[in-house]
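Q: Could you take a close look at one part of this model for me? I'd like to hear about the salt bridges and what they tie together.

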Amino acid sequence: AMAWAVSIGADLPTRQESALLYANLKPAFEPTWYWTGEQYAGYASGTWLQHFDTGYQDTNDKGGKGRVRAVRRVLID
């Protein structure tokens with residue numbers, strides 16, 4: 001998923017960005033979970049995900065299948 005996002009000039013959101021997406025753009029997402037681009041520090045093969053039905057953040061194994069949403073960051077001067 002991360003390689004795909006980079007291939008289109010984007011990235012997977014961080015945990016903080018995912019929380020902001022949930023808070024501000026929840027209707028633009030299916031009511032399920034989406035991967036973030038942030039590895040879980042306590043588990044080498046785990047990564048964080050964002051639930052867009054409840055707002056809860058959790059971890060899962062990187063080998064699992066799930067949804068992703070790529071984001072582009074724009075610097076504002």
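A: Here is a walk through the salt bridges, with a short stop at a hairpin afterwards. Keep in mind that this is a predicted model.

Searching the whole structure turns up two salt bridges. Let's start with the one between Arg73 and Asp11, where the closest N and O atoms sit 3.2 Å apart. These two come from distant parts of the chain: Arg73 is in the segment after β3 (57-61), while Asp11 is in the loop between α1 (2-7) and α2 (15-25), and 62 residues separate them.

Arg73 also meets the side chain of Glu17 in a salt bridge, at 2.7 Å from N to O. Glu17 belongs to helix α2 and Arg73 to the segment after β3, so this pair ties together parts that are 56 residues apart in sequence. Put the pairs together and you get one network of Asp11, Glu17 and Arg73, joined by salt bridges that share partners.

How exposed are these residues? Arg73 has 44% relative accessibility, so it counts as partly exposed. Asp11 is partly exposed too, with a relative accessible area of 26%, and Glu17 is partly exposed at 23%. As for the chemistry, side chains of opposite charge can pair when their charged atoms come close.

Now for the hairpin. Strands β1 (residues 33-39) and β2 (residues 46-51) run antiparallel and are joined by four bridges. Six residues make up the hairpin connection from β1 to β2. If you want a spot to look at, find Trp33, whose bridge partner in β2 is His51.

Note on methods. Residues numbered from 1 in each chain as written. Predicted model: local features only at pLDDT ≥ 70, side-chain atom pairs only at ≥ 80, totals over all residues. Heavy atoms only, no water. Pairing = 2+ DSSP bridges. Salt bridge = Lys/Arg side-chain N within 4 Å of Asp/Glu carboxyl O. Buried < 20%, exposed > 50% of the residue type's maximum accessible area, 1.4 Å probe, protein only.
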